[in-house]
Amino acid sequence: MTFQQFVFYIFAAIMLFAAARMITVRNPVYGALYLVLTFFTSAALWMLLEAEFLAIALVLVYVGAVMVLFLFVVMMLDINIAELRSGFTQYVPLGLVVAVVMVIEMALIVGSETFNRTRPSSVLGNISNTEALGRVLYTEYVYPFEIAAVILLVAIIAAISLTLRRRPETKYQDPATQIGARSASRVRLVSMPSERRPERAAAKSQN
């Protein structure tokens with residue numbers, strides 16, 4: 001066994017342990033943190049398989065954005081974990097069937113000749129798979145890539161417009177009104193004569 005295979009098995013064992021703990025731990029925050037560990041070990045496995053782009057994308061997108069959002073949602077919402085776990089056992093048979101089907105599909109894909117053929121990195125020469133992916137993505141698939149980007153942009157705008165609600169009891173700031181404010185309409189200078197304190201005035205009258 002080479003050192004690379006030893007490191008691969010170590011990361012694979014950590015990933016399986018973290019994935020199992022993610023679905024068995026009772027605290028949702030701990031579950032999210034175990035999922036972060038699962039993503040990190042998966043990225044390490046991708047690095048060992050010389051898929052640097054997938055490893056970096058997994059860390060930046062899922063760990064850096066998605067899991068941070070999950071942690072904020074879990075910590076800000078008051079989730080009743082006992083109520084969620086009450087009907088968990090009735091879905092166990094269906095979950096086992098789906099898991100077995102996924103394992104069979106992965107075994108068929110990994111064991112096929114198409115998956116085990118010569119790696120693209122060795123065919124393309126000394127360039128990395130990130131550069132090879134960029135060349136293919138921005139040359140042969142540039143139009144589907146741009147169409148997908150436009151669709152995602154439209155989806156983001158639609159989601160914002162659907163969730164935007166103006167409540168009458170909520171106070172909003174109008175930048176145009178703030179910029180148009182003048183000191184004459186906000187500040188009023190009052191000229192008043194100075195007044196003496198009553199005790200001082202009484203003392204001077206006695207003297």
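**Polar contacts and helix packing in an all-helix model**

In the predicted model, the backbone oxygen of Arg135 lies 2.2 Å from a polar atom of the side chain of Thr139. Thr139 is located in the loop between H7 and helix H8 (142-163). With a relative accessible area of 56%, Thr139 is exposed, because residues over 50% fall in that class. Arg135, by contrast, is partly exposed, at a relative accessible area of 47%.

Arg135 also takes part in a salt bridge. Its partner is Glu131, and the closest N and O atoms of the pair are 2.8 Å apart. Both Glu131 and Arg135 belong to helix H7 (residues 129-137), where a spacing of 4 residues places them about one turn of the helix apart. Glu131 is likewise partly exposed, its relative accessibility being 36%. A search of the whole structure returned 1 salt bridge.

The overall architecture was examined next. The protein chain contains 11 helices and 0 strands, and its elements, read from the N terminus, run α-α-α-α-α-α-α-α-α-α-α. Of the 207 residues in the protein chain, 12% are buried. When contacts between residues at least 6 apart in sequence are considered, 54% of them join residues at least 24 apart.

The packing of two of these helices was then analysed. Two packed helices are described by the angle between their axes and the distance between the axes. For helix H2 (residues 28-48) and helix H3 (residues 52-76), the axes come within 9 Å and cross at roughly 175°. H2 is therefore roughly antiparallel to H3, since angles over 145 degrees are placed in that class. By class, the residues in the contact of H2 with H3 comprise 21 nonpolar, 1 polar and 1 charged. On the H2 side, the participating residues include Pro28, Val29, Leu33, Val36, Phe39, Phe40, Ser42, Trp46 and Met47. Those contributed by H3 include Glu52, Leu54, Leu58, Val59, Tyr62, Val63, Met67, Leu71 and Met75.

Ser42 and Thr38 were considered individually within H2. Ser42 lies in helix H2 and is among the residues of that helix that meet H3. At 15% relative accessibility, Ser42 is buried, because the limit for this class is under 20%. Not counting residues up to four places away in sequence, Ser42 touches Met15 and Leu58. Leu58 is itself one of the H3 residues that meet H2.

Thr38 is also placed in helix H2 and is buried, with a relative accessible area of 10%. With neighbours within four places in sequence left aside, Thr38 is in contact with Met15, Ala18 and Ala19. Met15 thus appears among the contacts of Thr38 and among those of Ser42. For Ala19, a polar approach accompanies the contact: its backbone nitrogen lies 3.5 Å from a polar atom of the Thr38 side chain. The side chains of Thr38 and Thr139 are both involved in approaches to backbone atoms, the former to the nitrogen of Ala19 and the latter to the oxygen of Arg135. Thr38 is buried, whereas Thr139 is exposed.

Conventions. Residues are numbered from 1 along each chain as its sequence is written. This is a predicted model: local features need pLDDT of at least 70, side-chain atom pairs count only at pLDDT 80 or more; totals for chains, interfaces and linings use all residues. Side-chain values use heavy atoms; hydrogens and water are left out. Axes are lines fitted to C-alpha atoms, for helices over the stretch in contact, and angles run from 0 to 180 degrees between N-to-C directions. Helices (H or I, at least four residues) and strands (E, at least two) are DSSP runs, numbered from the N terminus. Angles under 35 degrees count as roughly parallel, over 145 as roughly antiparallel, 65 to 115 as roughly perpendicular and the rest as oblique. Contact means heavy atoms within 4.5 Å. Ala, Val, Leu, Ile, Met, Phe, Trp, Tyr, Cys and Pro count as nonpolar, Asp, Glu, Lys and Arg as charged, and the others, Gly among them, as polar. Buried means under 20% relative accessible area, exposed over 50%, partly exposed in between (1.4 Å probe, protein chains only). A polar contact is a pair of N or O atoms within 3.5 Å; within protein, one must be able to donate a hydrogen and the other to accept it, and residues adjacent in sequence count only if both atoms are side-chain atoms. A salt bridge is a side-chain nitrogen of Lys or Arg within 4 Å of a carboxyl oxygen of Asp or Glu.
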